[in-house]
Amino acid sequence: MTLAIACGCVLLAAGSAGAPPRWTALIDVSGACCYAVPPDWKIDAASESTNAMASSPDGRATSVVQWSSQATWPALVATLRSIVPATAVHEQSRRRFWIEYASAWPGVHHLAVIPANGGGCMLYVDVSEKADPRLHATATEIIRSLTALR
């Protein structure tokens, strides 16, 4: 996992992903998806066989990315729409599907997906109801950093 994070940092430094400077890049275990979090976020990379989870310093926001196999982009979006009912739609385009959805615990729950070869990159970002309002802006930046590597 350390190598994947280091490689991702090189990509971000080169400006190929939309993350602010010095953010930490995280790549899913398939090597297809990358996103970035602020440098002070904690990275839980418990195993090389699972995707690392990142959390804000106060623990009031978390994020994790995963690749999902699907034949086509429209099929992936249709599947997600059927199993994750949106409470708000932030974007639905050929480049990104981004919604908020209800969860068992209070707060704002984001699911952002972008197309990747043979499927899509799915990023979950959850922000507690007790989070500082600035953390919501950070969540948006994290979502905007989502990049398909293949």
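Let me begin with one pair of residues, where Thr24 stands opposite Val37 in strand S2, and work outwards from there, keeping in mind throughout that what we are looking at is a predicted model.

That pair belongs to the place where S1 and S2 meet, and these two strands run antiparallel and are joined by four bridges. Together they form a hairpin, with five residues between the strands, and in that turn sits Gly31, which has a positive phi of about 80°. For those of you new to this, strands of a sheet pair through backbone hydrogen bonds, and the pairing can be either parallel or antiparallel.

What lies on the other side of S2? Strand S2, which covers residues 33-37, also pairs with S10, again in the antiparallel sense, this time over two bridges, and here Cys33 stands opposite Ala148 in S10. The result is an open sheet of three strands in the order S1-S2-S10. Strand S1 (24-27) and strand S10 (147-148) are at the edges, and because each has a single partner strand, one side of each is left without a neighbour in the sheet.

Let me stay with S2 a little longer, and ask how many of the residues of S2 are buried. Five of the five are, so this strand is largely enclosed by the rest of the structure. Cys33, Tyr35 and Val37 point one way from the strand, while Cys34 and Ala36 point the other way, and all of them are buried.

Over in strand S10 we find Thr147. Is Thr147 buried or exposed? Its relative accessibility is 17%, and since buried means under 20%, Thr147 counts as buried. The side chain of Thr147 also reaches the backbone oxygen of Ser145, at 2.9 Å.

Now to the interior, where the largest nonpolar core has 27 residues, and those with the most contacts inside it are Tyr35, Leu123 and Ile142. The elements giving two or more residues to this core are S2, strand S5 (61-69), strand S8 (107-116), strand S9 (119-128) and helix H3 (133-144). If we leave aside neighbours within four places in sequence, Leu123 is in contact with residues including Tyr35, Val65, His110, Ile142 and Leu146. Apart from the largest core lies another one, of eleven residues, among them Phe97, Tyr101, Leu111 and Val113.

Stepping back to the whole chain, the secondary structure comes to three helices and ten strands, and from the N terminus on the elements run α-β-β-β-β-β-α-β-β-β-β-α-β. Of the 150 residues, 43% count as buried. Among contacts between residues at least 6 apart in sequence, 44% join residues that are at least 24 apart. The accessible surface comes to about 7600 Å², and 55% of this belongs to carbon and sulfur atoms.

I would like to finish with confidence, where the average pLDDT for the protein is 88, and 87% of the residues score at least 70. Over residues 1-16, however, the pLDDT is below 50, although this stretch has 24 contacts in the model beyond near neighbours in sequence. Where pLDDT is low, the predicted coordinates should not be read in detail.

Note on methods:
Residues numbered from 1 in each chain as written. Heavy atoms only, no water. Pairing = 2+ DSSP bridges. pLDDT = per-residue confidence, 0-100. Contact = heavy atoms within 4.5 Å. Buried < 20%, exposed > 50% of the residue type's maximum accessible area, 1.4 Å probe, protein only. Areas by Shrake-Rupley, 256 points an atom, 1.4 Å probe, with all protein chains shown as cover. Polar contact = N/O pair within 3.5 Å; in protein donor to acceptor, adjacent residues only side chain to side chain. Core = buried A, V, L, I, M, F, W, Y, C linked by side-chain atoms within 4.5 Å.
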